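Here are some short exercises on charged side chains. Try each task yourself, then read the solution.

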Amino acid sequence: MKVIKRDCTEVDFQKDKITNAILKAMKNGSGIVKPKVAEDIANEIYNENESKEEICISEIEGMVYDKLINKKQRLTAKVYEGYRSIREFQRDNENTTDNEIIELLDDKSDY
């Protein structure tokens with residue numbers, strides 16, 4: 001199964017990336033780290049979607065959040081969702097000034 005990233009590239013599905021993201025959220029949320037819960041969620045997501053050829057990253061993130069809530073990991077879900085929101089904001093507000101300066105230096109700018 002392939003995962004479609006935000007930049008539209010495809011990578012192989014890796015359960016350990018889901019597990020690691022959940023473990024980080026647990027550490028920064030309640031402080032109680034439960035590796036078994038993180039592994040179970042990653043396995044469940046894989047098993048529920050293994051028949052698909054591809055899945056997008058936002059779908060996976062939504063499933064992680066829902067499963068955290070269902071497993072009574074509310075603080076972890078809150079931290080996970082907060083981190084997702086921050087990263088989305090950062091991606092949407094990339095610094096375009098650097099690109100404009102590089103275009104000027106490379107003599108590729110209309111200015």
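**Exercise 1.** Which kind of contact do the side chains of Arg84 and Glu81 meet in?

*Solution.* Before we start: this is a predicted model, where local features need pLDDT of at least 70, side-chain atom pairs count only at pLDDT 80 or more, and totals for chains, interfaces and linings use all residues. Residues are numbered from 1 along each chain as its sequence is written, and side-chain values use heavy atoms, with hydrogens and water left out.
- Step 1: Arg84 and Glu81 meet in a salt bridge, 3.2 Å from N to O. (That term means a side-chain nitrogen of Lys or Arg within 4 Å of a carboxyl oxygen of Asp or Glu.)
- Step 2: Both sit in helix H4, three residues apart, so about one helical turn separates them. (Helices, H or I with at least four residues, are DSSP runs numbered from the N terminus.)
- Step 3: Zoom out, and Arg6, Glu61, Glu81 and Arg84 turn out to be linked in a network of salt bridges.

**Exercise 2.** Is Lys36 buried or exposed? Look at its partner too.

*Solution.*
- Step 1: Lys36 pairs with Asp40 in a salt bridge, with the closest N and O atoms 2.9 Å apart.
- Step 2: Lys36 has 56% relative accessibility, so it counts as exposed. (Buried is under 20% relative accessible area, exposed over 50%, partly exposed in between, using a 1.4 Å probe and protein chains only.)
- Step 3: Asp40, at 24%, counts as partly exposed.

**Exercise 3.** How many salt bridges does a search of the whole structure find?

*Solution.* The search finds nine.

Definitions and conventions: Helices (H or I, at least four residues) and strands (E, at least two) are DSSP runs, numbered from the N terminus.
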